[in-house]
Structures are given as C-alpha cells and as structure tokens.
Amino acid sequence: MVSRDMEDLAEEDRNRPVAFTLTVFSQTPINMMENPPKRPYAAEAEGSFTSRTSGGNPTHRTFMHNPQYKLRLQPGHVQGSKPLTFRMVIEASRNVAIKGTIVWGGGRRVTELTQGDVQLDTGPYVYGTISVGGFLKPSDYTLILSTFTPGQQSPYLISVAADGPVSLEAIPSEGAGMYSKSIKGKWQGSSAAGNPAFGKYHHNPHFDIRIAQTTSLFCRLQHIDGPAGTAINLTIFRKDEADQIKEQVVTSGSYADAICGVATSPLQLDGPAVYSAIVSTFDPGVEAGFELTAYSSECPVSLSASSLD
C-alpha cells in the first residue's frame, strides 16, 4: 500500500521540471532538431476541460462529452489532393493526463470510437503536453480531446500546422441550445423483462414524456452499471387521452451495447401531448441502473416514471 506521504511526493514530482538526455541510434546518418520545420499553414484553439466536458477515456459512458473540434484540411497549392504533412500539439495542466484522437467524423460530434475510423492519435495518455505528426488527406475530420479520468479540470491549447489551409472549429455538445431533462432508474426483478420476444415487454420501466406544445425531441438512454455487453433499446409510443399506450412513434433502433448508450433520432412531436418511453435490455433478468435524458427544442419537457397497470 502506498502511503499518503508517498502519493503527495509523487504529485510534487509530477509537477517538477525534469532534465533529460535523448540518445538515438540508427544504421544510417541522421540529424536531430529541437523544433521541426514550420508548416506554411497553422491554426489554434483554446478551451477548458470542465466538470461537464471532462468525460474521461473511451471506457467511460461520459467519453462522448469530451471537447471535440471540426478539423478541416484543404488541398495545398502544390500537393493538390495528395496527403498533407500535418502536426498537432496539445498543451494542458501538467497534472492532467490527456490524449488527442483524429477520426473520420466529417466534422460532426462522435459518441464512441471505432478503431477503423481513427486516423491519427497522440498515443497513450500523457501528462501536460502531447503531440503527433503524420499525413492526412484533405478532408473534414473530428478531433476528440479527452482526459484519462472523468472530471479532471484544466485549460488547454491546441496548435495544428499543415502544408495546406487548416482550421479548427468547436463542435457543440449533444443537445446544445435545447431544454434537457434526465431521470435515473433501474432494471430489477420483474422490471428486467427483456425484449418483446420474451412476452413481458410491458413490464419494463417506462416514463411519461409530457410536452406543452409541438417540439422537436430526441432521447438518449445509457446503462450505468450493467455487465459488459449489455444491449439496450429505447422506444417512444404515443398515449391517448385515456392514458393508454398506442402506436410507436420512434425507436433507437436495434438493441446495441455501445458504451455511449442508444439514442433516438430527432422527431417533431405534436403537443400538448403525453408520450411513453419504454427502456429495455435485450435479455431478461439483466439488473442494472440506467439514465434517460430527453432533449427538446421549443419547450421544457416533464419526464416521470409511470406504470402500465
């Protein structure tokens, strides 16, 4: 067991400047430069990891809340559409481990990492300053900044340079500018009823979504402490004046086990009205907590647990 004194000492050492010697071995003559040649185009962006935007590494369901940027690379005058030399440096507080990942995202917010979509990354999480260099084709990418541990706070500065015009633009967080309402619950006992094929789908937890007027709405469902591979689904139904569930209006799609959870597509809902959101796991008997969040554009929504009796 590491004593508290040793932990405090390690923290002090982490923030202390360290001298080093770098030795490189090669079978052919090489040159070393402290700073690489400057590229003709550059851009910078600064921001902060906050309690809301410090989502941690990809194993956390909050990873999707990390700061993200639209990285646009345009063809240079000489290279045309060929890959461009690219370099990126990210600086943060020296006591916060960070990483930068560039993915095929079209400049849109990414909720989870798919290995085949990663184009460049800065390697393992490192305290303070990270960098990466390589070649990227002219296109729109999504740059994801992340802390290793959720909730760590720090300002940061992103510096990018390339052989062609390059720009950085912050991507709004999910539901930015919309009203939001969250509620937590749990699948347990008879309410862990599984998908409709098991015949007890109506026993799953469900929630009334009350809207005062016509509005665009979408919802996200995440399991909080379910076993790895827990596949979940969210489906919204219309309710009539007698409080009876009627036809389906939108679903998150096939059951999925993504760490970020599942979400419905934005849909224009007529109001005033009441809708019912049913949350379920694919397999019955899976006991776990969950969080349901509703986002609406025109008015706040009321989100409350309901009974199917």
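**Exercise 1. Find which strand gives the most to the lining of the largest pocket, then describe that pocket.**

Solution. Strand E19 gives the most to the lining of the largest pocket, namely three residues. The model is a predicted one.

Step 1: list the strands. E2, E11 (179-187), E13 (215-223) and E19 (288-296) each supply at least two residues of this lining.

Step 2: look at the lining as a whole. It has 29 residues, and those nearest the pocket centre are Arg 52, His 65, Ser 173, Glu 174 and Tyr 295.

Step 3: sort the lining residues by type. Eight are nonpolar, 15 are polar and six are charged.

Step 4: state the volume. The largest pocket holds about 680 Å³ of space.

**Exercise 2. Describe the chain as a whole and say where the prediction has low confidence.**

Solution. Step 1: count the elements. The chain has one helix and 20 strands.

Step 2: give the extent. The C-alpha trace spans about 80 × 55 × 35 Å along its principal axes.

Step 3: consider burial and contacts. Of the 309 residues in the chain, 40% are buried. Among contacts with a separation of 6 or more, 80% are between residues 24 or more positions apart.

Step 4: check the confidence. The average pLDDT of the chain is 91, and 90% of the residues score at least 70. Over residues 1-11, pLDDT stays under 50, and the model has two contacts beyond four places in sequence for this stretch.

**Exercise 3. Identify the largest nonpolar core and trace the contacts of Ile 102.**

Solution. Step 1: give the number of residues. The largest nonpolar core has 27 residues, and Phe 86, Met 88, Ile 102 and Ile 158 have the most contacts inside it.

Step 2: assign the core to strands. At least two core residues come from each of E1 (41-49), E2 (68-73), E3 (84-92), E4 (97-103), E7 (129-136), E8 (139-147), E9 (154-162) and E10 (166-170). E3 supplies the largest share, five residues.

Step 3: follow Ile 102. Beyond its neighbours within four places in sequence, Ile 102 is in contact with residues including Leu 71, Phe 86, Met 88, Val 118, Leu 120, Leu 136, Tyr 141 and Leu 143.

Step 4: look for a further core. Another core, of 24 residues, lies apart from the one just described, and its members include Trp 187, Ile 211, Phe 290 and Val 301.

**Exercise 4. Locate the cis peptide bond at Pro 272 and the positive phi at Asp 243.**

Solution. Step 1: recall the usual case. Most residues other than glycine have a negative phi, and most peptide bonds are trans.

Step 2: find the cis bond. It joins Gly 271 and Pro 272, with omega about 5 degrees. Pro 272 sits in the loop between E17 (267-269) and E18 (273-281).

Step 3: find the positive phi. Asp 243 is not a glycine, yet its phi is about 70 degrees. Asp 243 belongs to the loop between E14 (232-239) and E15 (245-251).

Step 4: classify Asp 243. Its relative accessible area is 41%, so Asp 243 is partly exposed.

**Exercise 5. Is Thr 28 buried or exposed, and how many Å separate it from His 206?**

Solution. Step 1: place the residue. Thr 28 is in the loop between helix H1 (4-14) and E1.

Step 2: apply the cut-off. Exposed means over 50% relative accessible area. Thr 28 has 51%, so Thr 28 is exposed.

Step 3: read the separation. Thr 28 and His 206 are 68 Å apart in space, C-alpha to C-alpha, and 178 residues apart in sequence.

Technical notes: Residues are numbered from 1 along each chain as its sequence is written. This is a predicted model: local features need pLDDT of at least 70, side-chain atom pairs count only at pLDDT 80 or more; totals for chains, interfaces and linings use all residues. Side-chain values use heavy atoms; hydrogens and water are left out. A nonpolar core is a set of buried Ala, Val, Leu, Ile, Met, Phe, Trp, Tyr and Cys residues joined through side-chain atoms within 4.5 Å. Buried means under 20% relative accessible area, exposed over 50%, partly exposed in between (1.4 Å probe, protein chains only). Helices (H or I, at least four residues) and strands (E, at least two) are DSSP runs, numbered from the N terminus. Contact means heavy atoms within 4.5 Å. pLDDT is the predictor's confidence in each residue, from 0 to 100. On a 1 Å grid over the protein atoms alone, a cavity is a set of points where a 1.4 Å probe fits but cannot get out, and a pocket is an open set with protein on both sides within 12 Å along at least five of seven lines; lining residues have an atom within 4 Å of a point. Grid points are joined across faces, edges and corners, and a volume is the space filled by probe spheres set on the points. Ala, Val, Leu, Ile, Met, Phe, Trp, Tyr, Cys and Pro count as nonpolar, Asp, Glu, Lys and Arg as charged, and the others, Gly among them, as polar.
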